[in-house]
Every structure is written in structure tokens, then in C-alpha cells.
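Visitor: I have a structure open in front of me and would love some help reading it. Could you walk me through it, one question at a time?

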Amino acid sequence: QVELVESGGGLVQAGNSLRLSCVTSGRDFTYRAMGWFRQTPGKEREFVAGVNWRGDSTRYADSVKGRFTISRDSPKNMVFLQMNSLKPEDTAVYYCAAYSGPLLESRADYWGQGTQVIVSS
């Protein structure tokens, strides 16, 4: 059983920054790839960023490259998403995700409940 709990969402003006956190319970966190997805009403959930279990390889959606940074603190069972230069189109519910196998942009195996991010213009 893997539980994921996100925090750090909120309302922010365009151009500013926000840091999302995700704490996970359950065994084997150290060996799991982790990711962040986001979803807006009427759209499919989309991949935002991912990090491998060692923390030495990351992947980003083109829309966030250069602005977002994913990182992990394995001893604390946490993963973070630093979001800089936020744009109104970044407004979405952000979900923390964990994988049983390799990091995939198409899906994940475990999900948090989501945290809302609203970027005002």
C-alpha cells in the first residue's frame, strides 16, 4: 500500500513561484520512480515531471522545461516540485504519483489526492 499526500498548492500571481511537496508512506519509496501530473477540467491528466529512484535522472514536459524542477529527499520519503515563472496556463490540480516500475509519462501506479494551483494574470 502506498499513500501519497500533496501540499503547497494555492493562489499565486503570474511570474511568481510555488513549491509543491509530497510525502509518501509505505515501503520501498527509495526504489520507486516518482512524478507529478496535473489536470484541468475537461482535460486528461498530463505528465509534468518525473524523477528516477536514484534521483539522478529527471524528465519534464516541454511546457514546463526550464521553469519547474523536481527533486526528492528519500530519507524523508518526500518529493518536491519547484515551480518558477508561473503562468496562468499552469493553473490545474497537481497530483503526486508513484511508480511500481519504470517512469512513464502515460500513467503512474499510485496517486495522491491532488492540490490546487491557481495562477492569476
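Visitor: In what order do the strands of the open sheet of four strands lie?
Guide: Happy to help, and please keep in mind that this is a predicted model. The open sheet has four strands, and their pairing is antiparallel. Going across the sheet, the order is β1-β3-β8-β7.

Visitor: Which are the edge strands of that sheet?
Guide: An edge strand here pairs on one side only. That is the case for two strands, one of them spanning residues 3-7. The edge strands are β1 and β7.

Visitor: How many degrees does the twist average from one strand to the next?
Guide: Think of stepping across the sheet in the order β1-β3-β8-β7. From one strand to the next, the twist averages 15°.

Visitor: Which residue in β3 is the bridge partner of S7?
Guide: Start with the two strands: β1 and β3 are antiparallel and share five bridges. One bridge pairs E3 with S25 in β3. For S7, the bridge partner in β3 is S21.

Visitor: And how many bridges join β3 to β8?
Guide: These two strands also run antiparallel. As an example, R19 has Q82 in β8 as its bridge partner. The number of bridges joining β3 to β8 is six.

Visitor: Let's turn to the inside. Which strand gives the most to the largest nonpolar core?
Guide: In general, nonpolar side chains in soluble globular proteins tend to be buried together. The largest nonpolar core in this model has 27 residues, and W36, L81, M83 and Y94 have the most contacts inside it. Strands that each supply at least two of its residues include β3 (18-25), β4 (34-39), β8 (78-83) and β9 (92-98). With four residues, the strand that gives the most is β9.

Visitor: How many residues are in the second core?
Guide: This core is separate from the largest one. Among its members are A33, F47, Y99 and L103. Its residue count is seven.

Visitor: Now for charges. Is R38 buried or exposed?
Guide: The side chain of R38 forms a salt bridge with that of E46, at 2.6 Å from N to O. E46 has 36% relative accessibility, so this residue counts as partly exposed. For R38 the relative accessibility is 6%, and because the cut-off for buried is under 20%, R38 counts as buried.

Visitor: How many residues apart are R38 and D90?
Guide: Their side chains meet in a salt bridge of 3.0 Å, N to O. R38 sits in strand β4, while D90 lies in the loop between β8 and β9, so the pair links distant parts of the chain. Both residues are buried. Along the chain, their separation is 52 residues.

Visitor: What is the distance between the closest N and O atoms of R107 and D109?
Guide: These two residues form a salt bridge. D109 counts as partly exposed because its relative accessible area is 32%, and R107, at 42%, is partly exposed as well. The closest N and O atoms are apart by 2.9 Å.

Visitor: Finally, which residues do salt bridges that share partners join into one network?
Guide: A search of the whole structure finds seven salt bridges. R38 meets both E46 and D90 in this way. The one network joins R38, E46, R67 and D90.

Methods
Residues numbered from 1 in each chain as written. Predicted model: local features only at pLDDT ≥ 70, side-chain atom pairs only at ≥ 80, totals over all residues. Heavy atoms only, no water. Core = buried A, V, L, I, M, F, W, Y, C linked by side-chain atoms within 4.5 Å. Buried < 20%, exposed > 50% of the residue type's maximum accessible area, 1.4 Å probe, protein only. Pairing = 2+ DSSP bridges. Axes fitted to C-alpha atoms, helices over the stretch in contact; angles between N-to-C directions. Salt bridge = Lys/Arg side-chain N within 4 Å of Asp/Glu carboxyl O.
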